[in-house]
Amino acid sequence: MEKTKVQMALMNYKNLVPDEKQFILMQKFEQADDSAYDNLTMIKTHDPILILVMSLFLGGLGIDRFMIGDTGLGVCKLLFGWLTFGIWPLIDMFLCYKKSKEINFNNIISILEKK
């Protein structure tokens, strides 16, 4: 991929992927074809800040887990989260934030590795 496209893609996805995996992402962008850059515009990403805010306000209902696609954990959190007296939703707030970044990274890598 061209250097300018690599830089633009890194700027677009900088806050959506884990910090420790940004170097891997840069390498994958450099190795990818130019057609992969066009496919990146169609990828579904989760905004980690939105997930964090939703966890803060509606995390006890499992909405954050539903948003990132963990339907089973969302249902469990909805039904049994109150049994932990708010500890599970509090801890899960940060886990959902990190998981949304991991999901974004995996989605981007899967698009880049398609041939």
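## First look

Of the 115 residues in this chain, 35% are buried, where buried means under 20% relative accessible area, exposed means over 50%, and partly exposed covers what is in between (1.4 Å probe, protein chains only). What you're looking at is a predicted model, where local features need pLDDT of at least 70 and side-chain atom pairs count only at pLDDT 80 or more, while totals for chains, interfaces and linings use all residues. Residues are numbered from 1 along each chain as its sequence is written, and side-chain values use heavy atoms, with hydrogens and water left out.

## The overall build

The chain has 7 helices and 0 strands, so reading from the N terminus you get α-α-α-α-α-α-α, since helices (H or I, at least four residues) and strands (E, at least two) are taken as DSSP runs and numbered from the N terminus. Along the principal axes, the C-alpha atoms fill a box of roughly 50 × 20 × 15 Å.

Now for contacts, which here means heavy atoms within 4.5 Å. Take those between residues at least 6 apart in sequence: 67% of them join residues at least 24 apart. As for the outside, the accessible surface comes to about 7200 Å², and 65% of that belongs to carbon and sulfur atoms. Those areas come from the Shrake-Rupley method with a 1.4 Å probe, and for residues only the protein chains shown count as cover.

## Val6, tucked into helix H1

Val6 sits in helix H1, which covers residues 3–13. Is Val6 buried or exposed? Val6 counts as buried because its relative accessibility is 5%.

Which residues does Val6 touch, if you skip those up to four places away in sequence? They are Met1, Met26, Phe29 and Glu30. Glu30 is 24 residues from Val6 in sequence, yet their C-alpha atoms are 6.4 Å apart in space.

## Charges and a negative patch

The chain carries 13 positive and 13 negative charges, and the mean positions of the two sets are 3 Å apart. In this count Lys and Arg are positive and Asp and Glu negative, with His and the chain ends not counted. Each charge is placed at NZ of Lys, CZ of Arg, CG of Asp or CD of Glu.

On the surface, Glu2, Asp33, Asp34 and Asp38 form a negative patch. Patches are made of residues with over 30% relative accessible area and no salt bridge, with like charges joined within 9 Å and nonpolar side chains (Val, Leu, Ile, Met, Phe, Trp, Tyr) within 5 Å. One patch member, Asp38, belongs to helix H3 (residues 34–40). Asp38 counts as partly exposed because its relative accessible area is 47%. Asp38 and Ile103 are 65 residues apart along the chain, and their C-alpha atoms are separated by 20 Å.

## Salt bridges between helices and loops

How many salt bridges are there? The count comes to 7, a salt bridge being a side-chain nitrogen of Lys or Arg within 4 Å of a carboxyl oxygen of Asp or Glu. One of them pairs Lys21 with Glu102, whose closest N and O atoms are 3.0 Å apart. This pair links distant parts of the chain: Lys21 is in the loop between H1 and helix H2 (22–31), while Glu102 is 81 residues away in helix H7 (residues 87–113). Lys21 counts as partly exposed at 22% relative accessibility, and Glu102 is partly exposed at 22% too.

Another salt bridge joins the side chains of Lys77 and Asp64, at 2.9 Å from N to O. That pair also links distant parts of the chain, with Lys77 in helix H6 (residues 71–80) and Asp64 in helix H5, 13 residues apart. Both Lys77 and Asp64 are buried.

## Arg65 and its network

Arg65 is in helix H5, residues 63–68, and counts as buried because its relative accessibility is 7%. Setting aside neighbours within four places in sequence, Arg65 is in contact with Asp70, Thr71, Leu73, Gly74, Lys77, Asp92, Leu95, Cys96 and Lys99.

With Asp70, Arg65 makes a salt bridge whose closest N and O atoms are 2.6 Å apart. Asp70 is buried as well, with a relative accessible area of 15%. What do Asp64, Arg65, Asp70, Lys77, Asp92 and Lys99 form? They are linked in a network of salt bridges.
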